[in-house]
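Me: Please take a close look at one part of the structure below. I would like to know what surrounds a single residue and the strand that holds the residue.

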Amino acid sequence: MASRGQAIGVAAEALPRPGAAGRVRGLAALRDRPRLLLGVGLACLAVSLVLGVGLGSVAIDPTDTVGILARRLLGLPVPATWPATAETIVLELRLPRVLTAMLVGLGLSVAGATFQGLLRNPLADPYVLGTASGAAFGAAIAVLLPVQVAILDFGLLHGLAFAGALLAVLVVVRLGRTSPLAPLTGLLLTGYAVGSLLAAGLAMTMYLSGANLRQIVSFLLGGFDAASWPRLASAAPLVLLASGAVLLRARVLNGLLLGEETAAHLGVDVDRERTILLALASLATAAAVAVSGLVGFVGLVVPHLVRLVVGPDARRVLPLSAIFGASLLALADLLARLGGEIPVGVVTALVGAPFFLALLRRTRAGYEL
Amino acid sequence: MSAAVDGSAGRASDPAGLPDAGEAIGVERVTMAYRDRDVLRDVSLRVRRGERLVVVGPNGAGKSSLLRLLAGLVVPRSGSVRLLGDPLARLDRQAVARRLAVVPQQATLPFAARVEEVVGLGRLPHEDPFRGPRPADRAAVAAAVDRVGLGPLVGRDARELSLGERQLVLLGLAVAQQAPVLLLDEPTIHLDLRHQVAVMELLADLNERDGTTVVAVLHDLSLAAHFFPRLVLLAEGRLVADGPAPAVLTDERVRGVFGVDPVLVRFPGPRFSPDPSAAPPERLPADPPAPPS
């Protein structure tokens, strides 16, 4: 029996460390060196930028690619040894597309990590509160309407998708509101119910859309083939500001790790912070979805991947999710292009789903719900 | 900020403050209700700084509600609560978290987290919100791990631990929080006998050596009586007795409040007798066979 003041002591034979931490020992070294990981992430980002800009139907020499980027983006005095067409392809076609993919990957990954932390549910993703079905329904209605407007390269489709996503979340939050410290399970279920309702509306519009069906389907699968500078410029501030504001509130998500009441005990104003984070993450999601359509799995898988390496601390999970989400989606879009303009959502699902299954099997403890 | 934690000077001049600078917790005539059901009725309680107090009572007596009230998670229907001299209602969550730590019965983790990371969450109220833990925070976590004896568990996923081990991790988290007031909700409920006693010893040590004010809810009357100089007995939302164990746990109170013969509480031997004739007398008689219709 421990004497007064002595440590309590826990069965000392329990030393072997099974589970995820032990299995991925190679990654464990990175866990305690977040700066190194940050460097790796930025390097990945740079590589995917160069690859994404250089490769395509017309391959551009990597040195030329780097040269063009350095000369035109960074203003470095690099002698122009490349044909003018290469510069046009890089700057007017590929660069906005790669950067849009990065922006969307960043926004969806940060939003995914936020929703997983807020709902305390590892299966949550950015679309969980009805954003996806709201955006899809909005886009489908836009396709049916015989109106053509475009402001800054944004058509009715993008506008209604953005509005639909935000409206859906608003309805879900209104209907699913519980007491200030209760878990958000009710919100999750409300999101499911509202999502189903909107999906019914979407199905009906698709049924009625006739020849325009293809346009709706391509929104549902997501893609960056219509990316342009003005479109990127109008979505970027929303996504970046919302994601940045989420990053500054990482401690809230840390507090919520052990539940809403424990978060309150640790000094988090749970009700207020949850509302703020829900709004920010939904805004980032809606803006991302409006430019790209529904790209799946990025927001679900990337935060888990990052957590597997760095642990649950949101101060690391959020920025690293942003970086890796950006480069992963840029690479996925590259694959989609090289595969002959497959919808990028197909690529992310093909790569993401098996990966996620492997991840679930690997972590033996299993995710509790 | 540190003044808010330990400073009792200067508070005497606060017009809204308390007359007693040595008070840790002051509950004034609180009535509290969930929906229309009263869970606390006209409860008043004063806990001085450095006191060690245990709340006992049957299920549904309002013990956990009292803890939630003291932690500021619920707002009373009437009455008021003071924490270290200030009205709880006027402190924001961060200020409360620097003054008061809570050990819940249990908590769930949605993601893998190492034991030391969970304990580290206790530093949340003190950390720089952007730069994260400083050396002082790391030292506090290491000290808490050491004091609660979590050393062998360091590096393990907290979700793989037994319930008892998890409870110790939550205790470690609260110790790392280094708040002058510590609330505990059934801190021994999942623990074996040795760890029950060890946790009680640790609470006594935190109380006597560090001067932490300890308020615990316990079901185990013998642990309560043995380790706490002051007992508060709740029944049906009312505070029915307050004082040292012999004065609070009188035979008639134990019989009246818990509905159990106090002999059973003090000498549990016969309850575990294998003799089948010693079956509890209050067992319901079997239903008479229904007459054939």
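The part in question is B:Val43, found in chain B. Which strand holds B:Val43, is B:Val43 buried or exposed, and which residues is B:Val43 in contact with?

Reply: The account below starts at the residue and works outwards. The model is predicted, and every value here is computed from it.

B:Val43 lies in strand β2 of chain B, which covers residues 37-48. B:Val43 counts as buried because 23 other C-beta atoms lie within 10 Å, where the cut-off for a buried residue is 20 or more. If neighbours within four places in sequence are set aside, the contacts of B:Val43 are B:Val27, B:Val30, B:Leu66 and B:Leu239. Another residue from a remote part of the sequence is B:Val240: 197 residues separate B:Val240 from B:Val43 along the chain, yet their C-alpha atoms are 9.4 Å apart.

Next, the sheet. Strand β2 belongs to an open sheet of four strands in chain B, ordered β2-β1-β4-β5, and the pairing is antiparallel. Its edge strands are β2 and β5 (86-87), each of which pairs on one side only. The strand that holds B:Val43 is therefore an edge strand of this sheet, with β1 next to β2 in the order. In general, strands of a sheet pair through backbone hydrogen bonds, either parallel or antiparallel.

Further in, strand β1 (residues 23-34) and strand β4 (residues 78-83) of chain B run antiparallel and are joined by five bridges. Within this pairing, B:Gly26 stands opposite B:Arg82 of β4(B). Helix α2 of chain B, residues 63-70, packs on the sheet and touches β1, β2 and β4. The direction of helix α2 makes about 60 degrees with that of β2(B).

These elements can be matched to the contacts of B:Val43. B:Val27 and B:Val30, both in contact with B:Val43, fall within the residue range of β1(B). B:Leu66, also in contact with B:Val43, falls within the range of helix α2(B).

Last, the chain as a whole. Chain B has eleven helices and ten strands. Of its 293 residues, 46% are buried, and B:Val43 is one of the buried residues. Among contacts in chain B between residues at least 6 apart in sequence, those joining residues at least 24 apart make up 67%. The contact between B:Val43 and B:Leu239 is one that joins residues at least 24 apart.

How values were computed: Residues numbered from 1 in each chain as written. Chains lettered and ligands numbered in written order. Predicted model: local features only at pLDDT ≥ 70, side-chain atom pairs only at ≥ 80, totals over all residues. Helix = DSSP H or I, 4+ residues; strand = E, 2+ residues; numbered from the N terminus. Buried ≥ 20, exposed ≤ 12 C-beta atoms within 10 Å, placed from the backbone. Contact = placed C-beta atoms within 7 Å. Pairing = 2+ DSSP bridges. Axes fitted to C-alpha atoms, helices over the stretch in contact; angles between N-to-C directions.
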